[in-house]
Amino acid sequence: VFQFTASIVLIFSIIVIERQINFAKHNDLGFDKEQLLCFDLPFTFSDEDISKVNVLTNKLSENPTIKNISASQCVPGDVHFSMGSMIEGKEKLISCIFADSNFINTFDIQLMKGRELHPGDYGQACMINETAFKYFGWDDLKNKRINSGKEGGYEVIGVVKDFHVASLHQPIEPACIIFDIQHVPPSSISLRI
């Protein structure tokens with residue numbers, strides 16, 4: 001009887017584990033996870049460290065097997081930085097990724113509304129996910145801003161497809177990608193090979 005019960009428990013456990021693995025492998029993350037490598041930077045972040053990141057990304061971009069490279073503070077699935085939107089009536093904390101201008105292309109995140117990042121936008125603009133767009137109750141992006149992060153905030157130029165900022169077991173939260181790694185230095189390098 002004990003062996004039979006143990007066998008049933010073992011079979012049940014295997015089925016649960018298999019379903020969890022399939023869920024993680026086949027769930028839409030909101031970005032292309034294939035051929036994507038992310039690693040943490042070991043720096044404490046002084047001005048000298050930021051210049052080291054620039055040297056590192058420039059050197060890595062010379063490698064022909066690397067299609068895209070991006071430096072960012074946080075990456076999808078591991079966002080641990082948030083701030084208020086400073087939009088009246090919508091004070092909920094928004095998960096934030098501070099990133100360079102290559103972030104969207106490196107993660108292959110789909111732009112749903114708005115426009116691409118232009119060279120003059122760096123340090124001035126951001127994109128929000130679909131959940132944030134719905135949360136704010138906006139109809140369009142005209143004159144829309146996230147009013148924190150720096151004085152004057154950031155112009156919202158686009159809405160991207162929802163992506164997971166934390167565990168797959170948690171619902172997708174409002175999120176913002178801010179194209180500025182001068183005010184919040186990068187903690188990760190991501191490579192698409």
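Arginine 145 is a useful place to enter this predicted model, since, once its neighbours within four places in sequence are set aside, arginine 145 is in contact with Ile87, Trp138, Gly152, Gly153, Tyr154, Glu155 and Val156. One of these partners, glycine 152, also takes part in a polar pairing, in which its backbone oxygen lies 3.0 Å from a polar atom of the arginine 145 side chain. The residue itself belongs to strand S7, which covers residues 145-146. Its relative accessible area is 32%, and because buried means under 20% and exposed means over 50%, arginine 145 counts as partly exposed. A further spatial reference is isoleucine 157, which stands twelve residues from arginine 145 in sequence, with a C-alpha to C-alpha separation of 8.7 Å in space.

Stepping back from this residue to the chain as a whole, one finds four helices and ten strands, and reading along the sequence these elements follow the order α-β-α-β-β-β-α-β-β-α-β-β-β-β.

The contacts of the chain can be described by their separation in sequence: of those with a separation of 6 or more, 74% are accounted for by residues 24 or more positions apart. As for burial, the chain has 193 residues, and buried residues make up 41% of them. The chain exposes about 11,100 Å², and carbon and sulfur atoms supply 55% of that area.

Terms used: Residues are numbered from 1 along each chain as its sequence is written. This is a predicted model: local features need pLDDT of at least 70, side-chain atom pairs count only at pLDDT 80 or more; totals for chains, interfaces and linings use all residues. Side-chain values use heavy atoms; hydrogens and water are left out. Helices (H or I, at least four residues) and strands (E, at least two) are DSSP runs, numbered from the N terminus. Buried means under 20% relative accessible area, exposed over 50%, partly exposed in between (1.4 Å probe, protein chains only). Contact means heavy atoms within 4.5 Å. Accessible areas come from the Shrake-Rupley method with a 1.4 Å probe; for residues, only the protein chains shown count as cover. A polar contact is a pair of N or O atoms within 3.5 Å; within protein, one must be able to donate a hydrogen and the other to accept it, and residues adjacent in sequence count only if both atoms are side-chain atoms.
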